[in-house]
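Biologist: I'm new to reading models like this one, and I'd love a close look at one single part of it. Could you start there and then show me how that part fits into its surroundings?

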Amino acid sequence: MLDIFLQTLPFFMLIALGYTSGRSNFFSEEATAYLTKFVFYFALSAMLFRFSANLSLDAILDWQFVMAYLAATTVVYIVATVVAIRRNAPVTEAAVEAQCAVVGNVGFLGIPMLVLLLGEAAVGPVMMVLAVDLIVFGSLIVILITGSRDGRMSPRILWTVAVGLVKNPMIVSISLGLAVSASDVAIPLPVNEFLSLLGAAATPGALFAIGASLAYKSAERVAIAGWLSFCKLVLHPAAVAVAALFIFDVDPYAAGVMIAAAALPVAGNVYIIAQHYGVAPTRVSASILLSTMASVVTVSLVIAWVTTLSA
């Protein structure tokens, strides 16, 4: 356990450095926004493209894996939704809270951390988790919020979802990478070196940006944020573990990667969606802050456990 904690510690130290830089105003909120944009559109996209270009879709697309993650995540999503509705929260707020309960920081934190700690073979499973989060639950929250406000489903809602998916650089970079892999076209050496160089900026840049963005988030509605953090850090990985290990026939190593990915703290893009639609952004902000702080311990515990699954 101590060994795993020491391995994860540098990642959280980078987050702490970003947080300190933000809190001291050495790194302004505007600077954080531009750094996040650089990581999101350039560095992380280069990393994902290079990873996926060296993968085969047949090798990573495991429907048992997808169904296990989707089923477990849906259960936690429903639990968080029911709890919110019983508290008399409107559908829009319930949708945002459910998103906090199941969507983790796979892109900015999970890919660099899990690939380093669990090995290159973790790339495929992590990408499958990321794809389900982006395509299924990233679409669902937009449909629920927009449909609730309009009072009905309409082609405009589906068009908004489709455009959002097409414009997401993570989906685009993974799709293009897999297309290159399927075509058997070799990436020229200078291009591969360029992608490696640019992608190398993703890990430190993303972690620093996470920390700096946390410096501008508040901790209001702490009770609800604590519940959502519990859902994300404890209930979600527990449900995924039950589904992957006892219900669906998932390879032990892939199941371990899936469980570790499910244990990650609340994703920053949930705040972007909440802020865009004006639905409980401070609640999401507090959930991201609390879950990220607690994950220093919980993620280390989960990774220490999953490394024993395929041993």
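In which helix is Ser139 found, and what does Ser139 touch, leaving out residues up to four places away in sequence?

Modeller: Happy to! First, a word on the ground rules: this is a predicted model, where local features need pLDDT of at least 70, side-chain atom pairs count only at pLDDT 80 or more, and totals for chains, interfaces and linings use all residues. Residues are numbered from 1 along each chain as its sequence is written, and side-chain values use heavy atoms, with hydrogens and water left out.

Ser139 is found in helix α7. Helices here are DSSP runs of H or I with at least four residues, strands are runs of E with at least two, and the numbering starts at the N terminus. With a relative accessible area of 8%, Ser139 is buried; that word means under 20%, exposed means over 50%, and partly exposed is in between, using a 1.4 Å probe and protein chains only. Apart from residues up to four places away in sequence, Ser139 touches Leu134, Val161 and Leu165, where a contact means heavy atoms within 4.5 Å.

Now step back to the whole helix. The largest nonpolar core has 99 residues, and helix α7 (residues 123–150) gives the largest share of this core, 12 residues. A nonpolar core is a set of buried Ala, Val, Leu, Ile, Met, Phe, Trp, Tyr and Cys residues joined through side-chain atoms within 4.5 Å. Met258 and Ile303 have the most contacts inside this core. Beyond its neighbours up to four places away in sequence, Ile303 touches Ile4, Thr8, Met113, Leu114, Leu117, Leu118 and Ala260. Two of the names just met, Met258 and Ala260, are among the buried residues of α13. That helix (residues 252–262) is largely enclosed by the rest of the structure, because 9 of its 11 residues are buried.

Helix α7 also helps to line open spaces. The second largest pocket holds about 220 Å³ of space. To find a pocket, a 1 Å grid is laid over the protein atoms alone: a pocket is an open set of points where a 1.4 Å probe fits, with protein on both sides within 12 Å along at least five of seven lines, and lining residues have an atom within 4 Å of a point. Points are joined across faces, edges and corners, and the volume is the space filled by probe spheres set on them. In this pocket α7 gives the most to the lining, 6 residues. Helices α4 (63–86), α7 and α9 each supply at least two residues. Met127, Met128, Ala131, Val132, Ile135 and Val136 are among the lining residues, as are Val66, Leu70, Ile171, Ile174, Ser175 and Leu178. By class, the lining has 11 nonpolar residues, 1 polar and no charged; Ala, Val, Leu, Ile, Met, Phe, Trp, Tyr, Cys and Pro count as nonpolar, Asp, Glu, Lys and Arg as charged, and the others, Gly among them, as polar.

Next comes the largest pocket, with about 1,600 Å³ of space. Of its 45 lining residues, Phe40, Gly268, Asn269, Ile272 and Ile273 are the closest to its centre. Among the elements giving two or more residues to the lining are α7, α9 (169–183) and α14 (268–277). Here α14 gives the most, with 8 residues. The lining is made of 24 nonpolar, 16 polar and 5 charged residues.

For a companion to Ser139, look at Ser173, which sits in helix α9. Ser173 is buried too, with a relative accessible area of 5%. Setting aside neighbours within four places in sequence, Ser173 is in contact with Ser45, Leu48, Phe49 and Ser52.

Finally, visit some loops. Gly104 lies in the loop between α5 and α6 and is buried, with a relative accessible area of 8%. Gly104 and Val266 are 162 residues apart in sequence, yet their C-alpha atoms are 4.5 Å apart in space. Gly104 also touches Asp133, Lys232 and Leu264, among others. For a contrast, try Asn25, in the loop between α1 (2–23) and α2: Asn25 is exposed, with a relative accessible area of 57%. Most residues other than glycine have a negative phi. Asn25, however, has a positive phi of about 65 degrees. Asn88, in the loop between α4 and α5 (91–102), also has a positive phi, near 70 degrees, and counts as exposed at 70% relative accessibility.
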